[in-house]
Structures are given as structure tokens and as C-alpha cells.
Amino acid sequence: MKHGFSIGYKYAVRQPKRTLLILIGVAIAVMLMTAVSITTQMYNSLLIKQATEQYGAWHAAYETDSFKTVELVKQHAMVEEINVLLQHDFYWVNENKKIAPTTASQQGLELTGIVLSKGQMPLSPSEMVIEDWMADILNIKSFPTQMEMNGLIYTITGTVKTRAESLRRGTSIGLTVYDLNTGLIEEGAKHSLLIRFKPKADIEEAIESLRTVPNLYATEEKDGFLHPKENTVLLRAEGKKGRDTNEVFINVLGLVISGIVLFTLFISIYNIVNISIYDRIRQFGLLRAVGLSPAQLFRMVIQETVMISLIAIPIGILAGIGISRLILVRFGFFSMSGMPLIIPIGKLLIGIIVSIASVLFSCAIPASRAAQISPIGAIRSGAGLKINESKIKSFGPFLFTNIKNPFVFPVVLSFKNLWRRKKSYIFTVITLSLSTFLLIVYSFVVKSDRARTASRIDAYPVDFMIYIDYFDYSQDEFDKDIESPDKDFIASIENIDGIRDVFAPTDWYNWNEHHTIGHIPKFLKVKIDADKVSKSYWNDYVIQENNGKMVFGSTAIGYDDKELEVLKNYLCEGSVDVELLKKEFVIFIPKYNMQISARNIPYTDLKPGDSVEISLNGKNVTATVGGLFEKLPFAPNYWINEGFMVVMHNEKLAELSENTSKYYSIYITVDENADREQIEYELGNIAGNKKGYKVSDLVNNPYKIELRKLQAQVDTAIYSVLACIAAISMLTILNTVSSNIIVRFKELGMLRATGMTGNQISTLIRCEGLFYGLTGWLAGTITGLGASYIIYRIIQRNEANVVWITPWPEILIALAVCSIGSIISTALPLSKLRRISVVENINNIEF
């Protein structure tokens with residue numbers, strides 16, 4: 001149609017409020033999708049950045065002693081970049097800290113993941129950079145600086161960012177460079193060859209294709225075959241070999257939010273366009289009468305909405321970019337990472353296309369109705385459009401039969417009116433319920449996870465803890481003859497000024513075997529009569545059944561007199577007799593497993609005074625149950641308040657284990673006015689004398705503070721998104737109510753003519769809006785709780801620690817927002833309705 005856009009523009013100017021509603025709805029939707037796209041892209045990029053900085057930008061690592069092999073790999077069709085390294089003898093700075101001099105080729109140096117912090121990168125084999133933490137130990141403040149290592153003089157030209165793994169192992173890299181074109185660093189020596197494959201290369205296929213390259217040695221054995229070492233963290237971050245779990249969650253959450261936003265946008269635009277059609281029935285009838293075809297009328301309605309959307313989409317994109325920069329970069333999640341704002345052009349283009357498609361689809365249905373307008377009916381009485389009403393009888397008449405109360409009558413009539421237009425009612429309710437649904441599910445997941453984490457916090461309030469963090473070591477890296485702290489170690493802690501108490505329980509496991517994450521090689525065995533063990537634990541927590549007895553695998557913990565005095569306050573059954581515990585094998589066991597605390601299923605039916613058999617290292621004794629606890633103070637750090645644990649006097653544990661029990665976690669309390677920084681410094685010096693031991697400030701833990709800050713930021717972001725979705729839903733209610741009023745002008749006029757007051761009409765309209773809000777809230781609450789329970793059961797069946805928490809505050813907040821917001825949404829339609837007289841209502845004169 002030649003003048004379609006001109007007519008659409010004039011109508012948009014004549015109806016600025018409805019034009020503004022479309023602009024706001026589309027702009028908010030595009031803003032949210034833009035922010036979601038930027039967030040997911042930046043999170044993915046952050047994972048790659050972190051993996052690169054900590055582990056390097058390589059995909060696979062081999063060893064080789066041939067320069068020809070290096071050249072062959074370099075020319076391989078799937079290889080993008082390589083780097084050759086050779087590590088030299090360690091230089092020991094002190095007993096625990098050392099530098100690993102490493103020469104790397106200048107070509108492909110970025111594969112090492114080294115990030116310059118101060119100074120400049122080395123340019124020759126005689127120049128070196130070390131990590132920041134090592135420079136602090138060596139007190140190197142300026143560059144260049146001369147330093148002797150293993151008889152060689154190096155020029156320290158700068159420092160690189162500290163790597164967590166290096167700090168944990170006490171080994172800083174000392175990086176020098178050479179020109180790969182001159183050959184290998186040392187002839188005959190095995191060099192590490194780091195390989196990065198091309199972006200579109202399949203990792204498995206690329207690795208397989210390198211098997212035929214001579215003198216290229218894979219170093220890791222798996223399934224009976226040798227494989228190259230893989231940078232699995234980076235491969236997962238790049239999506240080349242699985243995906244990081246958090247990344248998958250963020251991406252799925254982004255898709256869900258985008259889908260909900262598009263659905264609410266669809267409903268909102270649908271209702272707004274519907275209103276514009278009902279409002280202009282006579283105009284459309286006149287246009288049809290003067291020769292406008294149905295197809296031309298259809299295109300005109302589409303053009304009007306698209307024209308407004310094309311203005312709103314750029315506004316939404318700019319707003320989304322601005323909010324993302326403000327929240328994510330300046331004050332939020334990525335402010336500490338140093339990452340610039342990443343704008344995913346491809347995702348934004350997809351979002352624009354999907355948004356336009358959603359707008360076209362949402363206005364296509366009303367536009368097709370407009371094309372079916374009867375010119376004669378529209379010109380004569382404005383009734384040229386057929387209104388489809390529900391043929392399903394509502395249950396209202398059954399509930400409200402013979403109600404004559406003038407205050408109740410508007411409520412009943414509003415319910416009947418909503419049911420007459422069932423489809424519009426259901427769509428609007430679904431739109432509103434989605435925000436409530438997401439709020440409840442998110443609140444449950446977050447509160448459950450934080451409650452689970454809180455349940456693992458040690459029961460006794462302490463200030464510091466010294467513990468061995470063997471989880472940071474792989475099986476090959478963990479030292480077999482690790483030395484546990486002794487009594488002199490404990491005494492040195494007690495002598496620090498400001499220390500109030502030191503609690504040092506002992507525990508036993510096989511210190512002479514390697515450890516892997518989540519695995520304790522040998523346990524104390526507790527044999528209990530099968531009829532006294534809950535069947536819920538037979539498959540998951542019991543090692544075996546032996547001659548009618550169930551055998552629990554347990555960690556054994558020894559408390560001294562001081563710790564046993566504290567334990568008295570944590571028993572739910574039984575008592576502590578310290579003198580008896582020194583003479584006999586009296587044990588304390590958990591009543592419930594914290595991992596399924598919501599069900600509170602007891603481990604056993606054992607009571608104080610019952611006897612059980614315990615064995616350790618082949619030594620069997622009969623022990624008496626002294627009591628049961630629900631939570632344990634001073635639990636080992638690797639198993640805090642989870643699993644089956646046995647507590648006894650440390651002297652009896654030493655007797656049972658033949659003096660092989662060790663100090664694992666040491667708990668420290670300080671005086672109220674003590675200098676915490678000085679104490680932490682001195683504790684760090686003491687702990688540094690034992691390999692693998694760390695100090696943790698349990699009160700002012702930087703990680704916990706940063707975690708709480710991050711949690712608050714995530715909550716703010718999610719609740720902001722939900723608020724925007726709720727705002728779009730309120731616009732949908734406003735448009736739906738306005739549409740209902742326009743369609744029922746004559747009906748409302750007849751009600752006024754037969755004696756219904758203006759206040760009753762207002763009550764009728766407000767009740768309709770309230771019904772939308774309450775029904776949306778109820779639907780969202782029921783489905784949200786149902787989905788939360790399904791998530792709870794799935795996690796529970798997978799043996800994970802989960803606690804059911806009903807998010808009552810969020811449910812009540814959602815009720816208040818839905819109720820108040822839906823009533824407020826009726827204000828604009830009511831203001832228009834009040835300006836129409838009874839006669840105008842009956843005649844359906846356009847306003």
C-alpha cells in the first residue's frame with residue numbers, strides 16, 4: 001500500500017499512550033535479551049581467560065627430542081600454533097619455595113598463558129621473568145635486576161601474574177625465551193611441545209592424526225594406551241570437550257529468560273494491537289468501503305507495529321549495552337577481571353531477528369481479524385468484528401447463585417466477564433505467572449544451596465583454622481611421607497600473643513597411601529547389627545554385610561579433654577564422661593546424615609549404652625556408644641558434618657591405631673581485642689613449615705566475603721530481570737483490560753443505564769484486574785513449587801546434599817506485587833471509561 005506507513009505514522013501520533021506502550025514493551029524485551037546475550041558471552045569469555053591465565057592456551061602437550069618433529073607438527077593441517085619448552089633444574093629459594101627455570105620459544109609464547117604484570121618480557125635466554133609472589137619473597141622492587149641461579153646469572157626483567165597452582169606448590173616459573181628457528185634448546189633432551197589446534201578442528205580427530213608423527217611422545221596412560229596431556233579446563237571452556245557445568249547453567253538460564261521475555265512480548269503486543277483494532281473499527285470500515293482490500297488493510301496494521309518496533313529495538317539494544325556495562329564491568333561480576341565489555345554481534349543480530357519475528361507474529365493475528373471486518377457493520381454500529389467468546393460454561397454461576405448483594409455482584413460479574421474471553425484471560429495469566437514461577441524456583445535453588453553450604457560450617461565458632469589441603473594435589477604429586485604437625489607445632493601456636501584456645505583433634509586414615517579427590521583409602525570399620533541399620537543406607541553408605549552385621553566405613557576422630565567438654569553441648573542423646581573415655585572404648589556417632597537432613601532418617605537405632613564392634617588395621621575391639629550428635633564441632637575439613645564419623649578419646653584412638661593418628665585440622669580462637677592480622681601472619685609462618693598446610697580466616701575470609709558480594713550481585717541481576725518481566729506482564733494486563741472495555745462499551749453502558757453506579761463499574765474493572773493478578777500468582781506459585789520439588793527430588797536421588805526450603809517471603813512478595821500491580825494496571829482504562837457518558841456507551845461512539 002502506497003500510503004501505509006503515512007497512515008500508520010499519523011495513527012501513532014494520534015494515540016501517543018498506546019504507541020508509548022509498544023515502545024516500552026519492545027524496548028524492555030530487547031534490553032533484557034541484549035543484557036542476557038552480553039552476560040553469557042562475557043561469562044564464556046571469562047572462563048576461557050581464566051583457563052588461559054592459569055593453565056595456558058594450548059590444547060594438547062607432548063614430548064619430543066627431535067627438531068624435525070617440531071617442524072612436522074608445525075606444518076600439520078589442524079595445528080594453529082606450537083610452543084617448545086624445556087624445564088631446567090630447580091633453584092631453591094628456601095626450604096619450601098623454589099623457582100623452576102623454564103626456557104620457551106618466542107614463537108607461540110602466548111600458549112604458555114603467561115601474563116606480564118610488571119616490567120617487560122625477556123628477549124634472550126639470559127633474561128627472565130618470575131611470578132609476582134616470588135618477587136615479593138625475594139624483595140625485588142625494580143627492574144632489571146641481576147640474580148644468580150644454579151651458577152648462572154639472569155637478568156630479571158619483570159614479573160608475571162601469580163598462578164594459583166604455582167602458589168600452592170611453592171614453585172614459581174622462571175621464564176626465559178629463545179628463537180625456535182635456531183633448533184632445539186638442548187640437543188637430545190626431551191622438550192615439552194605445546195600444541196593449539198585450529199578453531200574448527202575436532203580435538204579427538206586432531207590428536208589421532210598426530211599419532212603417526214615420529215618422535216612425538218604421549219606421556220599419560222589411559223585405558224592401556226598413551227595419550228597426550230590435555231588442557232581439559234580450557235577445552236571445556238571453549239566447548240571443544242564437554243562444557244563447564246556453570247557455563248551450561250548460565251547459557252540455559254539465558255535461553256529460558258529470553259524465551260519468557262519473547263513470550264511476554266508476544267502477548268503484550270498482541271493485546272495492544274487488538275485494542276487499536278477495536279478502537280478503529282469504524283475507520284477500517286470506511287477504508288474498506290472506499291476500496292481498501294483486506295490484504296492492504298492487513299499490511300497497514302503490520303506496518304504500524306513494525307514501524308514503532310524499529311524505533312524501540314535500537315533503544316533496547318543501547319539500554320541493554322549501557323546496563324551491562326554499568327552492572328557487569330563497572331560495579332559487578334567482571335569488575336575485578338579486567339575484561340572489557342564484549343558485545344556479541346552475532347547473538348545481537350539473532351536477537352533482533354527473533355524480536356522482529358515475535359512482533360510480526362504477535363500482530364499478525366489481530367491484523368488478520370482486521371482484514372475480515374465487514375464494512376457495513378463497522379460503519380453502522382462499530383460491530384464489524386466478530387468477538388469469539390468461550391463456549392465452556394464457567395463454574396461462577398454454581399458458586400455465586402442468587403447473589404444480590406450490591407457489593408458482591410461486581411465481583412461475580414467480573415469473573416463471568418473474564419471467562420467469556422477465555423483465551424485472552426489464559427494468555428494473560430500465563431504471562432504473569434511466568435515471573436512468579438521463575439522467582440520461586442530461583443529462590444528455592446539459591447536458598448537450598450546456601451542452606452546446604454551453611455550446614456557444612458563448623459558448629460563451634462572459631463577464628464582461624466590450619467589444615468592440610470591435600471585436595472589440591474594429584475595422586476602423583478602428593479608426598480607419601482607427609483609430616484603431620486606434632487605437639488611442638490601445637491605449642492608454638494599457643495605461644496602466639498592473642499591466642500585464647502587451640503583445639504587440635506586427631507583423626508586417622510592411611511597416611512602411607514596416595515590420595516585422590518573425594519577418596520579416603522582406608523576407614524575405621526563399625527560393625528552394627530543389620531536390624532539396627534536404616535535400610536536407606538544399605539546401598540549408599542554401608543561398605544558390606546558381614547555375618548548379619550552391616551559395616552560402616554568411618555573416619556575416626558580423637559578428642560582430648562578440652563574438645564570433649566565442648567562436645568557435651570552438641571549431643572542430642574547420651575553424655576560425656578571424660579575419665580571413662582580415657583579407660584574404655586566409648587564412641588560417639590552421628591544420628592543423621594547431613595546429606596539427607598531434610599528427611600532426618602537416623603543412621604541406626606543405636607542408643608547410648610549399646611555395644612558395637614570396631615576394627616582398625618586388623619585390630620578389633622568392642623566399644624560402647626556414649627552418645628549421638630546431629631552436628632560435630634571440630635570435624636575434619638575434608639568431611640565437615642557429612643558422612644558417618646566416630647569420635648573417641650584421642651588416647652584410645654592412638655591405642656587403636658598404634659599411634660598412627662595425626663593432627664589434620666587445628667582450630668584456633670583469639671582474644672576479642674587481638675591483632676588478627678599479626679596473628680594470621682604468624683600462623684602463616686608456622687603453617688608454612690609443613691608442606692600443604694594452609695591458614696584460613698573463618699571470620700574475615702576474603703573468599704567468603706567475595707562470595708557473599710557475588711551472591712548479592714547475582715540476586716540483584718536475577719531479581720531485576722524478573723521485575724522487568726513482571727512490568728511487561730502488568731502492561732499486558734493493562735492492555736487486556738483496555739481491550740475488554742472497548743469490546744464491552746455497549747454492555748457497560750447498559751449496566752449504567754439499569755442502575756449500576758460508577759463506583760460499582762470501577763469495582764467491576766478493578767476486580768477483573770485483580771483476578772488476573774491473583775490467578776497469575778496462584779498459577780506461578782503452584783507450578784514454581786512443583787518444579788522446585790522436582791528439582792529437589794532429582795538432586796536428592798543423586799545422593800547430593802539438599803534441603804527443602806519453602807520460599808515464603810518470595811511467595812508473599814509475589815502476591816503483593818501481582819495484586820497491587822494488577823489493580824494499578826486498571827487505572828488508565830478506568831480513567832478513559834469515566835470520560836464516556838451512558839448514552840455514548842450505548843451508542844458505542846468512538847473516543
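Residues 389-403 keep a pLDDT under 50 throughout. For this stretch the model has 15 contacts beyond four places in sequence. The structure is a predicted model, and pLDDT is the predictor's confidence in each residue. A second stretch, residues 510-521, also stays under 50. There the model has 31 contacts beyond four places in sequence. Across the protein, the mean pLDDT is 79, and 81% of the residues reach 70 or more.

**Overall make-up**

- The protein has 847 residues, and 50% of them are buried.
- It contains 26 helices and 28 strands.
- Take the contacts between residues at least 6 apart in sequence: 81% of them join residues at least 24 apart.

**Aromatic pairs**

- Eleven aromatic pairs occur in the structure.
- One of them joins Phe 266 and Phe 361. The centres of these rings are 5.4 Å apart, with 25° between the planes. That pair is stacked, because planes under 30 degrees apart count as stacked.
- This pair links distant parts of the chain. Phe 266 sits in helix H8, residues 245-279. Phe 361 sits in helix H11, residues 345-371. The two are 95 residues apart.
- Is each partner buried or exposed? Phe 266 has 14% relative accessibility, so it counts as buried. Phe 361 has a relative accessible area of 51%, so it is exposed.
- Tyr 792 and Trp 804 make an edge-to-face pair. Their ring centres lie 5.7 Å apart, and the angle between the planes is 70°.
- Tyr 792 belongs to helix H23, residues 758-797. Trp 804 lies in the loop between H23 and helix H24, residues 808-824. The pair therefore ties together parts that are twelve residues apart in sequence.
- Tyr 792 is buried, at 6% relative accessibility. Trp 804 is partly exposed, with a relative accessible area of 28%.
- Which residues do ring pairs link into a cluster? They are Phe 444, Tyr 789, Tyr 792 and Trp 804.

**Charges over rings**

- Lys 190 lies over the face of Tyr 217, and the distance to the ring centre is 4.6 Å.
- Lys 652 has its charged end over the ring of Phe 585. The distance to the centre of that ring is 4.4 Å.

**Helix H22**

- Helix H22 covers residues 745-753. Its buried residues include Phe 745, Leu 748, Gly 749 and Leu 751.
- Why are these four on the same side of H22? They cover an arc of only 160° around the axis, which puts them there.
- Gly 755 follows H22. The phi of Gly 755 is positive, near 115°.

**Cysteines**

- How many disulfides does the model have? The count comes to zero, with a disulfide taken as a pair of cysteine sulfur atoms within 2.5 Å.
- A disulfide is a covalent bond between the sulfur atoms of two cysteines.
- Cys 363 is buried, because its relative accessibility is 0% and the cut-off is under 20%.
- Cys 767 is buried too, with a relative accessible area of 14%.

Notes. Residues are numbered from 1 along each chain as its sequence is written. This is a predicted model: local features need pLDDT of at least 70, side-chain atom pairs count only at pLDDT 80 or more; totals for chains, interfaces and linings use all residues. Side-chain values use heavy atoms; hydrogens and water are left out. pLDDT is the predictor's confidence in each residue, from 0 to 100. Contact means heavy atoms within 4.5 Å. Rings of Phe, Tyr and Trp (its six-membered ring) pair if their centres lie within 6.5 Å; planes under 30 degrees apart count as stacked, over 60 as edge-to-face and the rest as tilted. Buried means under 20% relative accessible area, exposed over 50%, partly exposed in between (1.4 Å probe, protein chains only). A charge sits over a ring if NZ of Lys or CZ of Arg is within 6 Å of the ring centre and within 35 degrees of the ring normal. The arc is that of the directions from the helix axis to the C-beta atoms.
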